[in-house]
Amino acid sequence: MTDAPSDLTKATVDPNPLRQFEKWYQDLSTNGMSEQDATSMTLATAAKDGSPCARIVLMKGFDDRGFVFYTNYNSRKGIELAENARACLLFYWSPVWRQVRIEGSVEKVSDEESAQYFHSRPLGSKIGAWASKQSAVFESRAELEKRFEEFSWKFGDNVPRPPHWGGYRLKPATIEFWQGRENRLHDRTACTIVCDIDCVKMEPG
Ligand SMILES: Cc1cc2nc3c(=O)[nH]c(=O)nc-3n(C[C@H](O)[C@H](O)[C@H](O)COP(=O)(O)O)c2cc1C
């Protein structure tokens, strides 16, 4: 941890949790954190029968509507989100000893938004989105590379967005900010986003 952490109290936390998130997110570049580390978040989903699953995805944007990530809609996470739209995101930013937990429900972003992001990606990533059968049992590297070659030939430089690839936006219902402090006297503030934003100071934990 680089600087002494500031208190997380009702007086210091921004009354709008999305602004508070923005403040903490902006602190990361001044603490020398790479974009990949800053945007890596654990996405937890649960299948219809309640079995949980988690994996890392990259946050590709956030605003008042929520937090956006991109993936293969046919992946395990895609299937679970189709069955149960409730999900949880967790950021852990080790250099500043901070954690943010965001709970809410997920919906697909618009086709236009997915297409816009897809076309901003490097050519290899665009072809990879066609070639990779995310979460499927891996056949062989050679098989995957063969599919990559085939799609490269098929599309050249004009790779369309695969219909099974796109974004999700998690609309937060609750955001909990956790600031590590010495002697395990950690600060925890949960902000519930209902009509009015209500921040509750929690016991250390
Ligand atoms: C640093 C990092 C970033 C990742 N970013 C993404 C991402 O943005 N989207 C994605 O679909 N998978 C991403 N992955 C791969 C996922 O963690 C996961 O293995 C993959 O999406 C399949 O997940 P699923 O089978 O649970 O659906 C990333 C993995 C790592 C380690």
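The following exercises, each with a worked solution, concern a predicted model of a protein with a ligand.

**Exercise 1. Overall composition**

State how many helices and strands the protein has, and what percentage of its residues count as buried.

*Solution.*
Step 1. The protein contains six helices and nine strands.
Step 2. Its chain has 205 residues, of which 23% count as buried.
Step 3. Among the contacts with a separation of 6 or more, 61% join residues 24 or more positions apart.

**Exercise 2. The shell around the ligand**

Determine which residues are closest to the ligand and which elements supply the shell.

*Solution.*
Step 1. The ligand is surrounded by 16 residues, and the closest are Thr71, Ser75, Arg76, Lys77 and Ser135.
Step 2. Two or more residues of the shell come from each of β2 (52–58), β4 (66–72) and α3 (76–83).
Step 3. Strand β2 provides the largest share, namely five residues.
Step 4. By residue type, the shell consists of six nonpolar, seven polar and three charged residues.

**Exercise 3. The two sides of helix α5**

Identify the buried residues of α5 and explain why they are said to lie on the same side of the helix.

*Solution.*
Step 1. In helix α5, residues 123–131, the buried residues are Lys126, Ile127, Ala129 and Trp130.
Step 2. These residues lie on the same side of α5 because they cover an arc of only 150° around the axis.
Step 3. Gly124 and Ser125, on the other side of α5, are exposed.
Step 4. The cover over the buried residues of α5 includes α4 (111–119), α6 (141–155) and β7 (165–179).

**Exercise 4. The nonpolar cores**

Describe the largest nonpolar core, and name members of a second, separate core.

*Solution.*
Step 1. As a general principle, nonpolar side chains in soluble globular proteins tend to be buried together.
Step 2. The largest nonpolar core here has 21 residues, and Leu89, Tyr168 and Leu170 touch the most other members.
Step 3. The elements giving two or more residues to this core are α1 (17–30), β1 (40–46), β4, β5 (86–93), β6 (98–108) and β7.
Step 4. Strand β7 gives the most, with five residues.
Step 5. A second, separate core has five residues, including Ile127, Ala129, Trp130 and Trp165.
Step 6. Returning to the largest core, consider Tyr168: apart from neighbours within four places in sequence, Tyr168 is in contact with Phe69, Leu81, Val106, Glu107, Lys108 and Val109.

**Exercise 5. Lysine 171**

Is lysine 171 buried, exposed or partly exposed, and which residues does it touch?

*Solution.*
Step 1. Lysine 171 belongs to strand β7.
Step 2. A residue is buried if 20 or more other C-beta atoms lie within 10 Å of its own, and exposed if 12 or fewer do.
Step 3. Lysine 171 has 15 C-beta neighbours inside 10 Å and therefore counts as partly exposed.
Step 4. Not counting residues up to four places away in sequence, lysine 171 touches Arg65, Gly66, Gly104 and Ser105.
Step 5. Lysine 171 and alanine 87 are 84 residues apart in sequence, while their C-alpha atoms are 9.5 Å apart in space.

**Exercise 6. Positive phi values**

Locate tryptophan 97 and glycine 156, and give the phi of each.

*Solution.*
Step 1. Most residues other than glycine have a negative phi.
Step 2. Tryptophan 97, in the loop between β5 and β6, has a positive phi near 50° although it is not a glycine.
Step 3. Because tryptophan 97 has 17 C-beta neighbours inside 10 Å, it counts as partly exposed.
Step 4. Glycine 156 comes just after α6 and has a positive phi of about 60°.
Step 5. Helix α6 itself has 15 residues and reaches 21 Å from its first C-alpha to its last, close to the expected 21 Å.

Definitions and conventions: Residues are numbered from 1 along each chain as its sequence is written. This is a predicted model: local features need pLDDT of at least 70, side-chain atom pairs count only at pLDDT 80 or more; totals for chains, interfaces and linings use all residues. A residue is near a molecule or strand if its C-beta atom, placed from the backbone, lies within 6 Å of it. Helices (H or I, at least four residues) and strands (E, at least two) are DSSP runs, numbered from the N terminus. Ala, Val, Leu, Ile, Met, Phe, Trp, Tyr, Cys and Pro count as nonpolar, Asp, Glu, Lys and Arg as charged, and the others, Gly among them, as polar. The arc is that of the directions from the helix axis to the C-beta atoms. Two residues are in contact if their C-beta atoms, placed from the backbone, lie within 7 Å. A nonpolar core is a set of buried Ala, Val, Leu, Ile, Met, Phe, Trp, Tyr and Cys residues joined through C-beta atoms within 7 Å. The expected span of a helix is 1.5 Å times one less than its number of residues.
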